[in-house]
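Please examine the structure shown below and follow the report beside it. The report moves from a single element to the pairing of strands, the domains and the contact between chains.

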Protein chains: 2
Amino acid sequence: MAKFYGIGTGPGDSSLVTVKAVETLQNIDILYTPESKKGRESLALSIVSKYLPADLHIKSRHFPMNFNEFEKEQAWNMVSSEIVEDVKSGKNVGFVTLGDPMIYSTYVYIMERLMEDIEVETIPGISSFSNIASNQNFPLVMDTDPLIIIPCTMEEEKIDEAFEKYDCIVLMKVYKRIHMIIDKLKKYDLIDYAILVSNSSQEKEEVFTNLRDEHIDEKISYFSTILINKNNKKR
Amino acid sequence: MAKFYGIGTGPGDSSLVTVKAVETLQNIDILYTPESKKGRESLALSIVSKYLPADLHIKSRHFPMNFNEFEKEQAWNMVSSEIVEDVKSGKNVGFVTLGDPMIYSTYVYIMERLMEDIEVETIPGISSFSNIASNQNFPLVMDTDPLIIIPCTMEEEKIDEAFEKYDCIVLMKVYKRIHMIIDKLKKYDLIDYAILVSNSSQEKEEVFTNLRDEHIDEKISYFSTILINKNNKKR
């Protein structure tokens, strides 16, 4: 029976792909890859390209990254129907997605559309925050502490609540709200326990340990993550 | 210059090790492995054993898993001194640890003892909760929601707070407090959005989707994790 495989590629470095992902990529007939802009090669594809058989059929499909829900759902529906058709015709089909497929990934919207019709196997990947923590030898959480992962697109008062209550925090999607976040880190006395990493595991990776730097907003990229651990002395 | 490598092995399945971990394991001179009981092979070692060169020098070291802080610190100090000595004598040294090294891992206590004396590189691994989510096609968190990861050894009132406030929750170390946790899941109307996985990615893996089962406490193992997502219809 043919099957569909959703494959987490990890954060960017090809060597952070799992052995299972590599083996799966070598045994599929068709690979779907998400393109955020038409014609631009997907980052997920570039991460795994060294593992792909030369004759693999690659189908790049455009996924609009905007706020038009209708347009997005249409794209997900179209890609999903295509995948179902391919699997039902006996092809093993893969789909690559950045990081971990179950944590803030559009992959979920594809998966949910497939599950009634075909067999779906999802393969986990290294999350960007987990990679940043290891790269920086920065313990995320220990013992009886909880860890909270916050997208900075969340309502502001909920961010305040989390900053008040928790010691171990990952902040994702920091870029657009960097000023607000830095102000809050100061207010809740978290700023000396935080590091920011921009473009993690890509060529232009930069690590910022001094978040009191007044020009930090000019230096960071769209792909920026902050790790906070109040029990962790900053080096 | 010789170096120390802390290597996350992922949750249990050898194929969930990263390519980077495999390459590192093939280029070290000595591998330290943690034994929780004297003489019992470490789970972390069994996960990576198929990737190890035949002539690799393996040093199994006992890490007591009890509440005697002094005994534990003594063990960490001894292993750390040994590692520093090995690296300073020109050997590349590895240390394997279950799951991800930066999330609830004793590895951190070794790492912190080494960082002043030798170069330390940490390699991330797949967390058990991320593997369970993918295996079950269970989305952990999407869009603007936060994700909170809770060790059930945490103070009870903090568990209540988290259950009241958050929709996407991972519960680790469930075993000893399973009754209390199930009662709270009912109270906060989370029980129909939760799944429990026992012995994830090991031979005796079991998935429980009905957490209203009154005999669930007799069926689960020490290695049990609960995933909750209120935005996710249970299948």
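In this predicted model, helix 5 of chain A has the buried residues Ser128(A), Phe129(A), Ser130(A), Asn131(A), Ile132(A), Ala133(A), Ser134(A) and Asn135(A). A residue counts as buried if 20 or more other C-beta atoms lie within 10 Å of its own. Since 8 of the 8 residues of helix 5 (residues 128–135) of chain A are buried, the helix is largely enclosed by the rest of the structure. The cover over these buried residues includes strand 6, strand 7 (168–172), strand 8 (194–198) and strand 10 (224–229) of chain A, together with strand 5 of chain B. After helix 5 of chain A comes Asn137(A), which has a positive phi, near 50 degrees.

The next topic is the sheet. Chain A contains an open sheet of 5 strands in the order 3-2-4-1-5, with parallel pairing. Strand 3 (57–62) and strand 5 (120–123) of chain A lie at the edges, where each has a single partner strand, so one side of each is left without a neighbour in the sheet. From one strand to the next, the twist averages 20 degrees. Strands of a sheet pair through backbone hydrogen bonds, in either the parallel or the antiparallel sense.

In chain B, strand 1 (residues 4–8) is mostly covered, with 5 of its 5 residues buried. In a regular strand, side chains alternate between the two faces of the sheet. From strand 1 of chain B, Phe4(B), Gly6(B) and Gly8(B) point one way, while Tyr5(B) and Ile7(B) point the other way. The table lists strand pairs, each with a pair of residues that face one another.

| Strand pair | Sense | Bridges | Residue pair |
|---|---|---|---|
| Strand 2 and strand 3 of chain A | parallel | 6 bridges | Ile30(A) and His57(A) |
| Strand 1 and strand 4 of chain B | parallel | 5 bridges | Ile7(B) and Val96(B) |
| Strand 1 and strand 5 of chain B | parallel | 4 bridges | Gly6(B) and Thr122(B) |
| Strand 6 of chain A and strand 6 of chain B | antiparallel | 3 bridges | Ile148(A) and Ile148(B) |

The domains of chain A come next. The domain assignment divides chain A into domain 1 (4–126) and domain 2 (129–229). Taken over C-alpha atoms, the centres of these domains are separated by 28 Å. Contact between them involves 7 residues of domain 1 of chain A and 7 residues of domain 2 of chain A. The side of domain 1 that touches domain 2 has 4 nonpolar, 2 polar and 1 charged residues.

The last topic is how the chains meet. Between the chains, 42 residues of chain B are in contact with 42 residues of chain A. Helix 1 (19–25), helix 4 (107–114), strand 5 (120–123), helix 5 (128–135) and strand 6 (147–151) of chain B each supply at least two residues of the side that touches chain A. Strand 6 of chain B gives the most to this side, with 5 residues. By class, the side of chain B that touches chain A has 29 nonpolar, 10 polar and 3 charged residues.

How are the two copies related? A turn of 180 degrees and a shift of 0.0 Å along the axis lay chain B on chain A with an RMSD of 0.0 Å. The two copies are therefore related as by a two-fold rotation axis. Furthermore, 100% of the interface residues of chain B are also interface residues in chain A, so the copies meet through the same surface.

Definitions and conventions
Residues numbered from 1 in each chain as written. Chains lettered and ligands numbered in written order. Predicted model: local features only at pLDDT ≥ 70, side-chain atom pairs only at ≥ 80, totals over all residues. Contact = placed C-beta atoms within 7 Å. Nonpolar A, V, L, I, M, F, W, Y, C, P; charged D, E, K, R; others polar. Pairing = 2+ DSSP bridges. Buried ≥ 20, exposed ≤ 12 C-beta atoms within 10 Å, placed from the backbone. Axes fitted to C-alpha atoms, helices over the stretch in contact; angles between N-to-C directions. Domains from an automatic or database assignment. Least-squares fit on C-alpha atoms with pLDDT ≥ 70 in both.
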